[in-house]
Each structure stands twice: as C-alpha cells, then as structure tokens.
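Student: I am new to this structure. Please pick a single part and take me through it closely, from what faces outward to what lies inside.

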Amino acid sequence: CVIDAPSPIPIENRPIHLDLKFNLSAASQDRDVPALASYLLELADSKPDRGFIHAPYSLANKLRPYLMDNPRFLFHSSSNKMSVFKEFQETEGKIMVASGMYEGIDLAGDLARWQVITKVPWANLTEPDMRYLADEDPEGYANEAVRLVVQAYGRVCRSPTDYGETYLVDRSFN
C-alpha cells in the first residue's frame, strides 16, 4: 500500500542536491574514495554547522584515513555508535560519519543542518530473499533502496519550521 500525501514541510526548507559524481559500487569504490573525501572536506569547510554523513561501514572505513585529521569528523563502530552519536549531539560543529542510521534518529533543529547520502543503500544480493526480489521484481528491489534514501532525507528537516540540506552523491541513484 502506498499513501501519497503532500509534505507539511516546505520544499525550500529541505533541498536535495543530486550531485551524482561518484561511482561507489564495490568494483569502483576504491578509485572514487579519494575524490569523495575531498568533496566531503570541501563541503565541511563551507558549512560550519553540524553535518551528518551516511556511509556504510566499509565505505566509512575507507574514508577515515582521508578525514581523520580534521577534528570535526566523528567515526563510530558497531559497539560505540550511540556514545559517538551522543558526543555529536552535544558538540557544536561536529560531522558524524554514520553507518546504518538512515532511520530512527532525529536531527531536528541545530542537531544537523546538512547531510550527505554517500551510497544508495541497495539491499545485499547475497541474501536469498533480496536476490529473489531483484530477479523477480526489479522495481520492488529499487523501491527498497529508495525507501531508505527517503528515510535518510527526512533526518535533517523534521518540521515545517526546520530546515536542512541533503546531498546525494552516488551515481547509482540514476
């Protein structure tokens, strides 16, 4: 079932920038990581507010060597995710590189004014149910990824009076 309803949040309060510059597939990721890191550093330099970067653990680990010298960036592991998130919430100007946080977090107000969705969260095709879905219903498989992108998009602008920008940079979004 799909419910189509207008958002109460004005579109100008929640712009999305489709800056689809990077091929972040497993085969090409290593080649594009340095350029992605440079992009993120430039974005961070232009935005003094808190930011949030959605990246799967594997990509976050590849970005870490390029970004860790900048004290604004926070990285987490699966065991310290919530304590790093708390530090992010309590410290002005930080940028959290977050894995698996497309849903279930609230970045309202000054908790984050911008975010980057680095990689479209395609479901793992080694899982039999996802392989079946991709083979039998490619649109349904794509909808699963789009659903998570929409969830991530909604993290930084939470009400009609809030505002936050989203940058989507993974070429596979096309």
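**A close look at helix H3**

Tutor: Met82 and Glu90 are exposed, on the other side of helix H3 from its buried residues. The model is a predicted one. Helix H3 runs over residues 81-90, and its buried residues are Lys81, Val84, Phe85 and Phe88. Viewed along the axis of H3, these buried residues fall within an arc of 105°, so they line one face of the helix. The spacing fits a general rule: an α-helix has 3.6 residues a turn, so residues three or four places apart point the same way.

What covers that face? The cover over the buried residues of H3 includes strand S2 (51-54), helix H2 (57-67), strand S3 (73-75) and strand S4 (95-98).

One piece of this can be followed ring by ring. The model has five aromatic pairs. Among them, Phe52 and Phe85 form an edge-to-face pair, with 6.4 Å from centre to centre and 85° between the planes. This pair links distant parts of the chain, as Phe52 sits in strand S2 and Phe85 in helix H3, 33 residues apart. Phe52 has a relative accessible area of 0%, so it counts as buried. The cut-off for buried is under 20%, and Phe85, at 6% relative accessibility, therefore counts as buried too. Ring pairs also bring in Phe88, linking Phe52, Phe85 and Phe88 into a cluster.

The next step is to place this part among the nonpolar cores. In general, nonpolar side chains tend to be buried together in soluble globular proteins. The largest nonpolar core here has 23 residues, and those with the most contacts inside it are Leu36, Tyr39, Leu40, Leu63, Phe73 and Val116. At least two residues of this core come from each of helix H1 (29-46), H2, S3, S4, strand S5 (114-117) and strand S6 (165-170). H1 gives the most, with seven residues. Leaving aside residues up to four places away in sequence, Leu36 touches Phe22, Leu24, Leu59, Leu63, Thr118 and Val169. Apart from this core lies another, of twelve residues, including Phe52, Val84, Ala98 and Ile105.

That returns us to the helix: Val84 is one of the buried residues of H3, and Val84 and Phe52 are both among the residues of the twelve-residue core.

How values were computed. Residues are numbered from 1 along each chain as its sequence is written. This is a predicted model: local features need pLDDT of at least 70, side-chain atom pairs count only at pLDDT 80 or more; totals for chains, interfaces and linings use all residues. Side-chain values use heavy atoms; hydrogens and water are left out. Buried means under 20% relative accessible area, exposed over 50%, partly exposed in between (1.4 Å probe, protein chains only). Helices (H or I, at least four residues) and strands (E, at least two) are DSSP runs, numbered from the N terminus. The arc is that of the directions from the helix axis to the C-beta atoms. Contact means heavy atoms within 4.5 Å. Rings of Phe, Tyr and Trp (its six-membered ring) pair if their centres lie within 6.5 Å; planes under 30 degrees apart count as stacked, over 60 as edge-to-face and the rest as tilted. A nonpolar core is a set of buried Ala, Val, Leu, Ile, Met, Phe, Trp, Tyr and Cys residues joined through side-chain atoms within 4.5 Å.
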